[in-house]
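Work through the exercises below with the sequence and the 3D view side by side. Try each task before reading its solution.

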Amino acid sequence: MTESLWPDSASVDEAAATTANLINAVIDRLLREPPGLEARVYEAMRYSALAPGKRLRPLLVLASARLFGVARHSALQVAAAIEMVHAYSLIHDDLPAMDNSDLRRGRPTCHKAFDEATAVLAGDGLLTMAFEVLTHADTHGDPAVRCELASALGQAAGCAGMVGGQMIDLIAETQTLDIGAITRLQRMKTGALIAFSCEAGAILAKAPHELRTALRGYAHDLGLAFQIADDLLDVEGSTAETGKPVGADAAAGKATFVSILGVERARAQARLLVDQAVAHLDLFEQRADLLRQVARFVVNRRT
Ligand code: GRG
């Protein structure tokens with residue numbers, strides 16, 4: 001059971017450290033390099049997926065799965081699959097055709113360490129493997145649950161979610177968006193995968209509708225708070241803290257929550273969203289304390 005992953009009294013830092021170790025071990029196992037020439041794409045996938053990151057999405061999966069006593073192996077497989085999708089999105093986002101970024105997670109980006117074609121393939125490999133993992137019989141005994149996981153991830157990562165949001169983001173480089181359009185963009189680009197991470201435990205547990213709705217409400221507010229924190233870090237953070245170039249949004253002339261609201265109002269909005277996110281968890285009483293802590297961590301983070 002997921003209960004045994006960390007003690008009830010674990011702080012968010014302890015739970016995050018445990019999550020990182022466990023998820024890295026699962027990804028390491030899933031991405032074992034084969035002997036053939038295709039080993040190069042595995043090497044690039046490992047380079048990006050195992051690079052040091054917060055593992056926020058896996059932490060959300062494990063914390064939500066724990067609410068329902070989901071089997072540890074199922075939760076870890078799903079958490080690893082989501083982290084692989086996240087790693088794919090970062091690889092493709094950094095490509096010259098998109099953000100053209102040289103630094104990610106404190107290291108040269110995948111296309112710099114390898115080459116552009118290999119980076120495209122590494123992203124493709126991670127995305128497709130995530131679905132292979134979710135639909136593997138080993139992940140959950142019930143085929144309907146596996147099907148629902150794959151369908152929900154497809155919606156979150158695809159054109160109705162992350163890919164669609166990224167498309168709008170690219171358009172935002174040449175077209176000014178208002179706050180409503182930016183909110184929708186961010187909800188799709190980063191919020192959808194965060195929402196799936198929070199709901200995955202409920203899907204695995206076949207949890208009742210009202211509990212899933214509560215988690216969705218939490219995730220919705222958390223996703224926007226996360227994005228505002230990211231925008232604030234782009235203005236106030238340093239490359240040493242974030243492991244990626246800062247000031248990129250302003251340099252690209254992109255409207256963000258911070259450019260529209262200003263630093264103070266954006267910070268206040270992020271705090272308000274966290275309070276709202278936490279309020280959605282009342283139904284779970286003290287069992288959701290870790291998710292409450294994660295919400296606070298998301299807006300106070302410096303990385
Ligand atoms: C290429 C389809 C496609 C999508 C890319 C997620 C994304 C869409 C782009 C990433 C660009 C970016 C910096 C978005 C802001 C929010 C975000 C996803 C930050 C990175 O996530 P963290 O902070 O990173 O969780 P770590 O490295 O800690 O995992």
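**Exercise 1. Classify R55 by accessibility, then describe its place and backbone.**

Solution. Start with the accessible area: R55 has a relative accessible area of 3%. Buried means under 20% relative accessible area, exposed over 50%, and partly exposed in between, with a 1.4 Å probe and protein chains only. R55 is therefore buried. Next, find its place: R55 sits in the loop between α2 (39–49) and α3. Helices (H or I, at least four residues) and strands (E, at least two) are DSSP runs, numbered from the N terminus. Last, check the backbone: R55 is not a glycine, yet its phi is positive, about 55°.

Before going on, note that this is a predicted model, in which local features need pLDDT of at least 70, side-chain atom pairs count only at pLDDT 80 or more, and totals for chains, interfaces and linings use all residues. Residues are numbered from 1 along each chain as its sequence is written, and side-chain values use heavy atoms, with hydrogens and water left out.

**Exercise 2. Do the same for N100.**

Solution. The relative accessibility of N100 is 48%, so N100 counts as partly exposed. N100 belongs to the loop between α4 (72–94) and β1 (103–104). Its phi is positive, about 50°, although N100 is not a glycine.

**Exercise 3. Describe the whole protein: its elements, its extent and its burial.**

Solution. Begin with the secondary structure, which comes to 15 helices and two strands. The radius of gyration is 18 Å, close to the 19 Å that the globule rule gives for 303 residues, so the protein is as compact as a globular protein of that length. Here the radius is taken over C-alpha atoms, and the globule rule is 2.2 Å times the number of residues to the power 0.38. The C-alpha trace spans about 50 × 50 × 30 Å along its principal axes. Of the 303 residues, 53% are buried. Finally, consider contacts (heavy atoms within 4.5 Å). Among contacts between residues at least 6 apart in sequence, 72% join residues at least 24 apart.

**Exercise 4. Find how α3 packs against α9.**

Solution. First take the axes: those of α3 (residues 56–67) and α9 (residues 179–204) come within 6 Å and cross at roughly 25°. Axes are lines fitted to C-alpha atoms, for helices over the stretch in contact, and angles run from 0 to 180 degrees between N-to-C directions. The angle makes α3 roughly parallel to α9. The cut-offs are under 35 degrees for roughly parallel, over 145 for roughly antiparallel, 65 to 115 for roughly perpendicular, and oblique for the rest. Then list the residues: R57, L60, V61, S64 and A65 of α3 meet L193, I194, S197, C198, A200 and G201 of α9. Sorted by class, the contact of α3 with α9 has seven nonpolar, three polar and one charged residues. In this scheme Ala, Val, Leu, Ile, Met, Phe, Trp, Tyr, Cys and Pro count as nonpolar, Asp, Glu, Lys and Arg as charged, and the others, Gly among them, as polar.

**Exercise 5. Repeat the analysis for α3 and α10.**

Solution. The axes of α3 and α10 (residues 209–236) come within 13 Å and cross at roughly 160°. That makes α3 roughly antiparallel to α10. On the α3 side the contact is made by L56, R57, L60, S64 and L67, and on the α10 side by L215, Y218, L222 and F226. These residues divide into seven nonpolar, one polar and one charged.

**Exercise 6. Complete the set with α9 and α10.**

Solution. The two axes are 8 Å apart, and the packing angle is about 140°. α9 and α10 are therefore oblique to each other. Among the residues that meet are T183, I194 and C198 in α9, and L215, Y218 and F226 in α10. By class, the contact of α9 with α10 has 11 nonpolar, seven polar and four charged residues.

**Exercise 7. Locate V294 and list its contacts beyond the sequence neighbourhood.**

Solution. V294 lies in helix α15 (residues 289–300). Its relative accessible area is 0%, so V294 is buried. Leaving aside neighbours within four places in sequence, V294 is in contact with V12, L56, L59, L60 and Y218. Take L56: V294 and L56 are 238 residues apart in sequence, but 8.6 Å apart in space, C-alpha to C-alpha.
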